[in-house]
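Grab a pencil and work through a few exercises on how helices and strands fit together. Try each task on the structure before reading its solution.

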Amino acid sequence: MKNVIRPDIDEYFLKIATVVAERSTCRRHHVGAVAVRDKHILTTGYNGAPSGLKDCLELGCLRDELNIESGTRHEICRGIHAEQNVIIQAALHGVDLTGATIYVTHSPCVLCAKMLVNAKIKRFVTFGNYADESFRSLFKEAGIEFELHEKPPSEITYLP
């Protein structure tokens, strides 16, 4: 029998975040997020236009058209970030994110970091770096653990 290595819990939830990212409608970055507490998924989110509105896949990317550098001028975008959607889904469904770990395919922008501080998360785990690094000092001050892991393998391992 083939020796199957079971992914640890962080790799498991990072892999789930990559699947969530497949729903993204952003032309620049496909980002997925999963909020977890006590090894249970609380909410998920991906980046894209507000619900029910036309997205960048239909309309094109305004940021590309205006040559706006990644990590800057967040207001010039019709998209909502994955972390914002995790928080919005929690609010819509009455889910408290206090003490949660957020698994995301990219590190957060400073706007998302501020929201995550107010959502009282405990830990942020990612394998990707976003252009904006200003979240680091904010997380440190708020006592939010930040972990940068290796990108998990994309293949799914099945038992024989």
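## Exercise 1: Two helices crossing

The crossing of α4 and α5 has a left-handed sense. Bear in mind that this is a predicted model.

Task: work out how the axes of α4 and α5 are oriented and which residues make the contact.

Solution. Start with the geometry: the two axes cross at roughly 30 degrees and come within 9 Å. Angles under 35 degrees count as roughly parallel, so α4 and α5 are roughly parallel to each other. Next, pick out the contact residues: α4 brings E83, Q84 and I87, and α5 brings C112, M115 and L116. Finally, sort them by class, which gives four nonpolar, one polar and one charged.

## Exercise 2: The next pair

Task: do the same for α5 (residues 110-118) and α6 (residues 135-142).

Solution. Here the angle is about 10 degrees, and the axes lie 9 Å apart. With the cut-off for roughly parallel at under 35 degrees, α5 and α6 therefore also earn that label. On the α5 side, the contact uses V110, A113, K114, L116 and V117. On the α6 side, look for F135, L138, F139 and A142. Sorting by class gives eight nonpolar, no polar and one charged.

## Exercise 3: Reading the sheet

Task: in what order do the five strands sit, and which strands stand at the edges?

Solution. Trace the open sheet across and you get β2-β1-β3-β4-β5, with mixed pairing. Now check the ends: β2 (40-46) and β5 (145-148) each have a single partner strand, so one side of each is left without a neighbour in the sheet. From one strand to the next, the twist averages 15 degrees.

## Exercise 4: Zooming in on β4 and β5

Task: in which sense do β4 and β5 pair, and over how many bridges?

Solution. The pairing of β4 (residues 123-126) with β5 is parallel and runs over four bridges. For the residues, take V125 and go across to its bridge partner in β5, E147. Then find F124, which stands opposite F146 of β5. Last, follow the chain from β4 through α6 to β5: together these make a right-handed β-α-β unit.

## Exercise 5: Helices on the sheet

Task: which strands do α1 and α4 lie across?

Solution. Begin with α1 (residues 9-21), which lies across β1, β2, β3, β4 and β5 and runs at about 140 degrees to β1. Then turn to α4 (residues 82-92): this helix lies across β1, β2, β3 and β4, at about 125 degrees to β2.

Note on methods: Residues numbered from 1 in each chain as written. Predicted model: local features only at pLDDT ≥ 70, side-chain atom pairs only at ≥ 80, totals over all residues. Heavy atoms only, no water. Pairing = 2+ DSSP bridges. Axes fitted to C-alpha atoms, helices over the stretch in contact; angles between N-to-C directions. Contact = heavy atoms within 4.5 Å. Right-handed = clockwise from strand over helix to strand, strands pointing away. Parallel < 35°, antiparallel > 145°, perpendicular 65-115°, else oblique. Nonpolar A, V, L, I, M, F, W, Y, C, P; charged D, E, K, R; others polar. Left-handed = near helix turned anticlockwise from the far one by under 90°.
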